[in-house]
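Trainee: Got a minute? I'd like to talk through this fold with you.
Mentor: Sure, pull it up.

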Amino acid sequence: MNRKFEDKTALVTGGNSGIGKAIALAFASEGCNVVIAARRSDEGEQTAREIIKHGGNAQFVKTDVTSRHDIQAMVDTCISEFGQLDYAINNAGIFGPAKVATADYDEDTWDRVMNTNLKGMWLCMKQEIPIMLQQGSGVIINMSSVAGLIASLATSAYCVSKHGIIGLTKVAAKEYAAQGIRVNAICPAIIETPMSDEVVKPDNELTSQLKLRYPVGRFGTPEEVAGAALFLCSDEASFITGQALPVDGGRLLV
Ligand code: NDP
């Protein structure tokens, strides 16, 4: 069987849950070695075991993306285990409070959301890019959101962090394009994961109202976001860089 990413290596932050886990499994199913980085070890080890059980190669490395020391260890693991870093999927993120207006937002929470979602992503790129420069190739995918493209009410730090991710993606794409590195962002609308479960409960009024804003009539699945990540990392996307791709069931059309 001809698999797309045989002998390549992908790093997935937040690869132990939700969208990141689906991405880790999807890359592994295409023959890719996968390094899974997140804070919760049980879930991370379990995802790695799932991949290995199906004949793949995976390694979990306990990582907090707000710590540059952890990130150094994460990137070092890619090289020591697999000798290269072809695809970096910077996906780790937190939502923060769901219904707090801008003026009421707490400063410590603001810092926590920004440090994880935006600064954490930059810290990851800061260590991933030099390896890709050495290799002369690499693809980076940064997980933004439709909240990075439009206003999302009462989630100011989250919305700002996701807008910032798109800016960071465009700058890095322009800086490193000539050196063989592509950088794109994915902007999912609501995807059914532990993160969205906290906000969108089945069978409640808010959930029904939100679904009306989706022309396809439903929220997305983690596997649908993983499909976009596979495409953007593939050679079929070799001329695509600096883009923010909505994966949104038509949400932005409404
Ligand atoms: P999950 O809560 O399932 O996943 C979030 C992941 O991020 C977890 O694996 C978590 O692992 C990891 N993470 C959080 N903080 C840190 C940290 N400091 N260091 C390392 N890892 C961390 O939610 P999703 O899968 O839904 O979210 C994944 C990404 O997709 C996020 O960036 C989110 O903003 C984005 N997104 C999600 C949407 C949705 O509707 N679900 C819509 C649009 C974007 P751990 O806690 O073990 O560290």
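Trainee: What does helix 5 lie across?
Mentor: Helix 5 (residues 156–176) lies across strand 5 (138–143), strand 6 (181–188) and strand 7. Helix 5 runs at about 160° to strand 6. Helices (H or I, at least four residues) and strands (E, at least two) are DSSP runs, numbered from the N terminus. Angles run from 0 to 180 degrees between N-to-C directions, and axes are lines fitted to C-alpha atoms, for helices over the stretch in contact.

Trainee: Where do these coordinates come from?
Mentor: This is a predicted model, with residues numbered from 1 along each chain as its sequence is written. Local features need pLDDT of at least 70, side-chain atom pairs count only at pLDDT 80 or more, totals for chains, interfaces and linings use all residues, and side-chain values use heavy atoms, leaving out hydrogens and water.

Trainee: OK, the sheet. What's the strand order?
Mentor: The order is 3-2-1-4-5-6-7, in an open sheet of 7 strands with parallel pairing. Two strands pair if DSSP finds at least two bridges between them.

Trainee: Which strands are at the edges?
Mentor: Strand 3 (58–62) and strand 7 (244–247). Each pairs on one side only. The twist averages 20° from one strand to the next.

Trainee: How many bridges join strand 1 to strand 2?
Mentor: 5 bridges join strand 1 (residues 9–13) to strand 2 (residues 33–38). Take Val12: its bridge partner in strand 2 is Ile36.

Trainee: And which strands does helix 3 touch?
Mentor: Strand 1, strand 2 and strand 3, as helix 3 packs on the sheet. Contact means heavy atoms within 4.5 Å. The direction of helix 3 makes about 160° with that of strand 3.

Trainee: Switching to helix pairs. At what angle do helix 3 and helix 4 pack?
Mentor: About 35°, with their axes 10 Å apart. Helix 3 is residues 68–82 and helix 4 is residues 107–135.

Trainee: Which residues meet there?
Mentor: Among them are Ile71, Val75 and Ile79 in helix 3, and Leu123, Cys124 and Ile131 in helix 4. The contact divides into 7 nonpolar, 3 polar and 2 charged residues. Ala, Val, Leu, Ile, Met, Phe, Trp, Tyr, Cys and Pro count as nonpolar, Asp, Glu, Lys and Arg as charged, and the others, Gly among them, as polar.

Trainee: Last one. How do helix 1 and helix 2 cross?
Mentor: At roughly 20°, and their axes come within 10 Å. That makes helix 1 roughly parallel to helix 2, a label for angles under 35 degrees (over 145 is roughly antiparallel, 65 to 115 roughly perpendicular, the rest oblique).
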